[in-house]
Amino acid sequence: METNLESATQLRAPAAPCNLGAGLEGMVEFAERVEHLDRTLESLCSVTGESTSRSVDRLRKSLADYEPTVTILGQVKAGKTALVNAMAGWADLLPSDVNPWTSVVTSLHLTPGRKRAEIGARFKFMTEREWDRLLTKGGRIGELAGRAGAESELEKIREQIETMREKSRKRLGKKFELLLGQEHEYGFFDKNLVERYICLGDDFDVEGEEGGPEDQGRFADITRSADLYMNSPTVPFRMCLRDTPGVNDTFMMREQVTIQAIRESRICVVVLSAHQALTSVDMGLIRLISNLKSRDVLIFVNRIDELADPQNQIPEIEASIRQTLVDQNGPTGAAIIFGSAYWANKVLSGGIETMSELSSHALLDWAATALDDSATASSPADMVWELSGLPNLFRHLSERIVADSGEAILSKIANSAVTIASSQKVAESITIEGKDAPEELSMYDVRSRFDHLADRHLTKLGQDFDAMIAEYQTRADRAHANFIERATHSLVEHLERHGEREVWEYSPTGLRMLLRSAYNVFGTRAHALAVKSFEAAVTDLAELYYAAFGSVVGGIQIGLPMAPEIPSPVALGQTIALDFRDGWWKSWWRRTRGYKAFAQKFQLLIAAETEDFMHQLKVVQTAEVKDAALRALHDFMEEQKDILLELGSHAGGVTDVQELFLDRSELERRGALQDALDTLTRYAA
């Protein structure tokens, strides 16, 4: 691209961008492979019997339901929402001035489509329990302040809550309590509808007509999540962009919903402002991402359009971020991308000619460094799009989506389909040659043995997981108790040396590292246990096939189910009392008197503060891993049951496949089956 531009006017000529999909080329190829695999499964379904066609239909549904999710994290006012709008190809889709009270996770479900057609929306409201926790306890900050005895802070929170409650009742009237825990669904959406649920408007009378200007922000205080379904011209394959609230709010509700959002996706984009990249305000953000693998984190430094000297400032900012990640035990290998959502949205709205002089100057300055002199821009808009950083961000996202979850889902589905296809070829042999099994078994006997085998393996896997989880929980409890003991000892030592006048500080990093280590060991063992269990089940199934149908079943290629992914221990990033170095901790300190009282209150405080994430790590996440393993084994057994029934129908002389294709030559059917098997084998490899 040409970079020797003499003035910003050369970038202001209106021109339609043609490369909004730049960086997503890997997703284009992946989308073609998904479509090809689906056609192959459709072909396989047409040459299988009734039992196995049900299994193939389930595989097609799994493929159709695959939607990679990217969670966008960041500090309030870092430009997360503007970036999400640009990634979706819709400059003014989500309002950036969101209600500072709300904790809404907004998920954009994007499907390829050149026409910008809004196809649906779903809004979920807080449950009564969540609202009650906020009102009666002031959220997590209120609970923390209550434990710390910070009455002045509690009073401030109560005043804020009362203000919020009165505004909500004014907006919703008698509907208020009835709406909690409910959902609103629409077959369309527009900006006004979105703002009704996630953007705070001015005060208004409840008598106002719905849909008018006074209806803005009507449900904002109680909205918990928003799902928008839309076509996007920029994506070649369906994708979900999850815009999370900032983590620095009064009640720390945002932190809770952000933790949940991270757990539900494989890739996180952390949005920082170029003006204050990784300031102390973002330490909570670093705690959240420090428990993720570097490969699962991308850092997008936004607002470089506001820098006076991008060429020189950006290398300094990157070095500072790298050092902070090292110092704070963050994901040091995370990719760092610099860009401007402002520039990207100017391209989308066709308004690059209205760019401010300051932004134009920054653009030209950055172009001298960022653009390749050997390339040629097809239009000014294309050049601005490249400089915005969106193509670079898309390249990283595409590579990781395809290489990680994308390849895994294709391999998993193809593996199951290979077993089905190979069993169809065996079914032909059973019909033609008969069986030479070493023992005579009726299909009733075969079915009974299979049910017993499936139940035995599922039961054993559940019991083995329970034993492993109990061992892990014991280790986690021991690490927790040791930390509290060491911290208490340090506290007493501080009091003996400095007395009560000097505030004591103690980092919870050690506790997080011990618990993360224990969880990682659990994850490794859980994965190994699942693989071992799946292998044992496949071995027993192979023996049952042979006992029922003889050596002819040697052609069935039984693939192992995929062991479940071990979710990252994101809950460890939750803020606790020891993370504070401000009024909260000092208030607790000043209200406590006497060495013994310090020690006792400290132990109670930390035990209560860590109770939630200990429960998440010990109970919730371990249960998720166990359930995923059992579900994978159960689904595998269901597929095998369908195959077994179809093999049995052929051994018994029933040829429903041949009856299904009376108008088609058997040779043609077998050729189609072999083609499907060959294709599926390549995907499964």
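Arginine 322 comes out as partly exposed in this predicted model, at 28% relative accessibility. Its partner, glutamate 318, is partly exposed too, at 27%. The two form a salt bridge, with the closest N and O atoms 3.8 Å apart. Both sit in helix α11 (residues 310-327), 4 residues apart, or about one turn of the helix. Elsewhere, Arg54, Arg58 and Asp642 are joined into one network by salt bridges that share partners.

The count of salt bridges comes to 21. Here are three of them:

| Pair | Closest N to O distance |
|---|---|
| Aspartate 65 and lysine 61 | 2.7 Å |
| Arginine 295 and aspartate 404 | 3.1 Å |
| Arginine 322 and glutamate 318 | 3.8 Å |

Arginine 295 and aspartate 404 link distant parts of the chain, 109 residues apart: arginine 295 is in the loop between α10 and β8, and aspartate 404 is in helix α15. Arginine 295 is partly exposed at 35%, while aspartate 404 is buried at 18%.

Now to helix α2, where aspartate 65 and lysine 61 are 4 residues apart, about one helical turn. Lysine 61 is exposed at 54%, and aspartate 65 is partly exposed at 49%. Buried residues in α2 include Ser51, Val56, Leu59 and Leu63.

Aromatics next: the structure holds 14 aromatic pairs. In one, the rings of phenylalanine 30 and phenylalanine 237 have centres 5.2 Å apart and planes at 75 degrees, so the pair is edge-to-face. Phenylalanine 30 lies in helix α1 and phenylalanine 237 in the loop between β5 and β6, so the pair ties together parts 207 residues apart in sequence. Both phenylalanines are buried.

Conventions. Residues numbered from 1 in each chain as written. Predicted model: local features only at pLDDT ≥ 70, side-chain atom pairs only at ≥ 80, totals over all residues. Heavy atoms only, no water. Buried < 20%, exposed > 50% of the residue type's maximum accessible area, 1.4 Å probe, protein only. Helix = DSSP H or I, 4+ residues; strand = E, 2+ residues; numbered from the N terminus. Phe/Tyr/Trp six-rings, centres within 6.5 Å; stacked < 30°, edge-to-face > 60°. Salt bridge = Lys/Arg side-chain N within 4 Å of Asp/Glu carboxyl O.
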